[in-house]
Amino acid sequence: MSKANLTATKTYEGLSRAQMVEAYRTMHMSRKVDDREILLKRQQKIFFQISGAGHEAIGVAAGLALRPTDWYYPYYRDRALCLTLGATAYEMLLTAVGAADDPQSGGRQMPSHWGFPRQNVVTQSSPTGTQVLQAVGCAEAGRYFAAHPEAAVKVDGDYRQFKDVKFVGDELTYVSLGDGTTSEGEFWEAMNTAANRKLPVIFVIQDNEYAISVPVEVQTAGGNISRLVSGFPNFHFEEVDGTDLAASYAAFVRSAAYCREGLGPSFIHAHVIRPYSHSLSDDEKLYRPEAERQRDAARDPNMRLQMLLIREGILDEKGINKLEKEVEEELQEATDRALAAALPAIDSVEKFIYSPDLDPTSPAFDTQPTAPDSKDAKDAAPKTMADLINSTLRDEMKRDERIVIFGEDVADCSREEYLQQKSVKGKGGVFKLTAGLQAEFGSDRVFNSPLAEANIVGRATGMATRGMKPVVEIQFFDYIWPAMMQLRDELPLIRWRSNNGFSSPVVVRVAIGGYLTGGAIYHSQCGESTFTHIPGLRVVFPSNALDAAGLLRTAIRCDDPVLFLEHKRLYRETYGRAPYPGPEYTIPFGKARIAQPGTDMTVITYGAVVPRALQAAQKIEREHGVSVEVIDLRCLNPFDWDAIETSVKKTNRVIVAHEDTLSWGYGAEIAARIADQLFDYLDAPVKRVGAKDVFVAYQPILEDIILPQANDLFHAMKSLSEY
Ligand SMILES: Cc1ncc(C[n+]2csc(CCOP(=O)(O)OP(=O)(O)O)c2C)c(N)n1
Ligand SMILES: [Mg+2]
C-alpha cells in the first residue's frame, strides 16, 4: 500500500479521517450555538443560557460510539452529544426562544434541558442528579422487556394503548453529570443499584473541576471521584482526558462493549474544561484567577481537534475555513427561522398536566362489583382493605405483564432458595400487602429495593418512561421525604415539561396515618396536602376495602402518576370490609361517596376520619336529631366538587374534617372554595376539624388528644347546628 493510501486509511482509535472531520463540524457547531445564544441573551431575544463549551469532545465521542437504539439521560452540558445524535441547531434555538414548535418542551423549559423523543433523549430537568436513578430504571426496563417481550405488546383499554414500547436486547443507557453532582446522594444510590444488578448503564462524569464556584476538592473527598467509586463491584472503569476526542471515543467503545455483553455498568470519568463561566448569570473571574483560566484554555477540545486535523493533513487551513463558514451559514439560517417562529398559545399552559388520552374520571371507570361466587363461602366473606389490595394487585399482575412491584420488604423472600425449599413462608411487606406475589409472579416482577426512597421513585420513573407500570411501595409516609425531589420535581412533570413527549404513569403506594396507639411521631404522619399541591400527581385516599380495590385498579390502569395513600389503621379494621369485587372493578377518580345521606349539615372528609365522622353523625342524630350527610372524598386530586356543591346547597352547613394537622391543610382549600363559590348557600361559617398543629406523640393519651376523635367531630357538629 502506498504511503498516501496508508494515510488515507489511518484511523484515530477507530475513527476514520472523514469521521474526524464530521466530529469537528459538530463540535464547532456546538460551540457556535453557545456563542450565538450568548449573543441572543445579551440582545434579550432569549432568556437563559448555559453552555456546553469545553465538553464538546466527550459528547461527540459518546454520540459516535453509542447507537440510536440506546437511551440517553444527558445533562445540560451535553449539547454536542445531542447534535451528534441528530438534534439540530434550529431545534435547540427553538427551545431558547421558547417557541411553540420547540420539540423539547414547547416553550416550557430553559434551553439545554435536553429531551428529544425521536433520539431517545429523555426529558431532563434542572435539579442536578435526578436523572441518574431514572437512567437506572430505564436500563432495567430495557432488560425487563427483553425478558418479557409479550409485555411490550400494545393493549387497548388502559395506559398501554397510548405507550409505544421500544427495546432491543443489547441496548444501554447513557447518563451524564458534573463533578459537583457526584455529591448528591442519588448518584450513589444509582451506582449501588447499577452495580448490584449489573445494569447496562454508562455513567459519565464530566469533571470540569467546578460546580459553579465550588472546586472539586471541596465536593469530593481527595478530589478524584474515580478513586472514591473504584470499590464498586461489576463496573468497568475509565478515566480519560475528555478534551481528547479519539481517547474519549475509545473509552466509550470499551465501555459500551462491556455493557452490551451484560457484564455490568461502566463509569467514564472525563476530565474536561469549562472555558466560559458556569452560566450567563455567573462571572468566573470572581473565583478563578487568569492563570488558571489560561491553563484550561490550552486544553480546549475544539482547538485540539482543529490542530490535529491540520497536523495530520486531514484538513488544511482552507478546509477548516470552509467548514466553519458552512457551519456559520447553517447557524444563521437556523437563528433567523427560530427568531421568527410562532410562540406558544397562552391558553396551552394547562395542556398535558395529565394524559390527554385517558381520563381516569370518565364513566368508563364506573363499574359494579361482580357478585362473589356463592358456592364458595370464602369468596363471599367480607375481606379487609389489606386483603382486597393484595387481591387487586394479584389480578392486575395477571392481566398486565408490564407491572412490577418493588420497595422495602415487599418481596416474600429475596433469598429465593428459601422459598423454593419451602423452609420459610415469606414476608410480603411490613403490612403484608404484597404477600405471595413474588412467589406467584417471580423475582423479576416483585423484588426488594435498597433502603432508599429516592431509589424507589427515581427508578420507577425511568421504568415507566419506557412503558412499564411500576407499582412501588413507600413503607411509611413518614419516610417519603428522601424521594421528595423525585416526587415534586420529576415524576409529575415528565409529561408537562416535555410537552407530552414523554410520560411516566407510576403508582406509588404509601402506608399513611395514625390512630395506632404507639405509632408516635414517625409512624403516624399524614401530610397529603403537600402532594395535592403538586400539579400532575393524582392523589387517592380510600377509607374502606371496596374503594381501595376499585381505586387501586383505576390507579394501575391510569396513564398518570398516582400517589395511592393507604391508611394503616384501616388495613385490618372491621369497618369497611367487603367481598372481593372481581378483577374488573374500577372506580373513577374524583367521584366522592356519600357515606351517609343527611339533610342538616355536610361533613366532607376522607381516610380514617370517615368512620369517626359516621360515629359522631349517628350520635348527634340520636341525641339531637341532627341529620348529617357524610361525604367521603376518597380521591383528593381530582376531588368531587359536584358532590360538595350538591350537598352544601341542600344542607347549608359544612364541616371539613381530616386527620392531618389543621393549619395549611387539605381542608383549607376546600373551605376556601366553598366560601368563594357557595357563600350564598351557607347559613353558618365553614368549620374545620383536624389534628392539633403538632406531631403525633407516642403515649396514647397524647395521641388521642392530638388527633381528631369522633367526640371532636360531635362537638363541631353540635356547635355548627346551633349556629
Ligand atoms: C439539586 C440542585 N441544587 C443546586 C442547583 C443549582 N446548580 C445548578 S448547576 C450547579 C453546579 C453543578 O456543577 P457540576 O455538577 O460540577 O456540573 P457543571 O455545571 O460544572 O458541569 C448548581 C449548584 C441545582 N440545579 N440543583
Ligand atoms: Mg463541574
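Start by selecting Thr 517, which is found in the loop between β11 and α21. This is a predicted model, so keep that in mind at every stop. Is Thr 517 buried or exposed? Thr 517 is exposed, with a relative accessible area of 54%. Now check the backbone. Phi of Thr 517 is near 60 degrees, which is a positive value in a residue other than glycine.

Select Tyr 515 next. Tyr 515 also sits in the loop between β11 (507–512) and α21 (528–532). Its phi, too, is positive and near 60 degrees. The burial tells another story: Tyr 515 has 4% relative accessibility and counts as buried.

**The whole chain**

Zoom out and show the protein chain as a cartoon. How many helices and strands does the chain have? There are 27 helices and 19 strands. The radius of gyration is 29 Å, close to the 27 Å that the globule rule gives for 723 residues, so the chain is as compact as a globular protein of that length. Rotate the view to look along each principal axis. The C-alpha atoms fill a box of roughly 105 × 65 × 50 Å along those axes. Colour by burial if your viewer allows it. Buried residues account for 59% of the 723 in the chain.

**The magnesium ion**

Select ligand 2. This is a magnesium ion. Which residues coordinate the magnesium ion? Show Asp 179, Asn 208 and Tyr 210 as sticks. Asp 179 contributes OD, Asn 208 contributes OD1, and Tyr 210 contributes O. The distances run from 2.0 to 2.1 Å. Along the chain, the donors follow the spacing D-x28-N-x1-Y. Asp 179 lies in the loop between β2 (173–178) and α7 (185–196), and Tyr 210 lies in strand β4 (residues 210–211), so the pair ties together parts that are 31 residues apart in sequence. Switch on the surface around these two. Both Asp 179 and Tyr 210 are buried.

**Ligand 1**

Now select ligand 1 and show its surroundings. How many residues surround ligand 1? The answer is 17, and the closest are Tyr 75, Tyr 76, Arg 77, Thr 181 and Tyr 210. You have met Tyr 210 already, as one of the residues that coordinate the magnesium ion. Sort the shell by class: 7 residues are nonpolar, 7 are polar and 3 are charged.

Draw three distances here.

- From Asn 208, take a polar side-chain atom: it lies 2.9 Å from an oxygen atom of ligand 1.
- From Thr 128, take a polar backbone atom: a nitrogen atom of ligand 1 is 3.1 Å away.
- From His 278, take a polar side-chain atom: an oxygen atom of ligand 1 is 3.5 Å away.

How much of ligand 1 does the protein cover? On its own, ligand 1 has 580 Å² of accessible area, and the protein covers 74% of that.

**A covered helix**

Select residues 56–65. This is helix α3, which is mostly covered, with 9 of its 10 residues buried. Among the buried residues are Glu 56, Ile 58, Val 60 and Ala 65.

**A cis peptide and the helix after it**

Go to Asn 637 and Pro 638. The peptide bond from Asn 637 to Pro 638 is cis, with omega near 5 degrees. Pro 638 lies in the loop between β17 (635–637) and α24.

Move on to Ser 647. Ser 647 is in helix α24 (residues 641–651). Its relative accessibility is 1%, so Ser 647 counts as buried. Show the side chains of Ser 647 and Glu 629. A polar contact of 2.8 Å joins them.

**Two long-range pairs**

Select Val 153, in the loop between α6 (130–147) and β2. Val 153 is partly exposed, at 46% relative accessibility. Add Glu 401 and draw the C-alpha distance. Val 153 and Glu 401 are 248 residues apart in sequence but 9.8 Å apart in space.

Finish with Val 689, in strand β19 (residues 687–691). Is Val 689 buried or exposed? Val 689 is buried, with a relative accessible area of 9%. Now draw a line to Tyr 76, one of the closest residues to ligand 1. The C-alpha atoms of Val 689 and Tyr 76 are separated by 47 Å, and the two residues are 613 residues apart along the chain.

Note on methods:
Residues numbered from 1 in each chain as written. Chains lettered and ligands numbered in written order. Predicted model: local features only at pLDDT ≥ 70, side-chain atom pairs only at ≥ 80, totals over all residues. Heavy atoms only, no water. Donors = N, O, S within 2.8 Å, 3.2 Å for Na, K, Ca; no water. Helix = DSSP H or I, 4+ residues; strand = E, 2+ residues; numbered from the N terminus. Buried < 20%, exposed > 50% of the residue type's maximum accessible area, 1.4 Å probe, protein only. Near = heavy atom within 4 Å. Polar contact = N/O pair within 3.5 Å; in protein donor to acceptor, adjacent residues only side chain to side chain. Areas by Shrake-Rupley, 256 points an atom, 1.4 Å probe, with all protein chains shown as cover. Nonpolar A, V, L, I, M, F, W, Y, C, P; charged D, E, K, R; others polar. Rg over C-alpha atoms; globule rule 2.2 N^0.38 Å.
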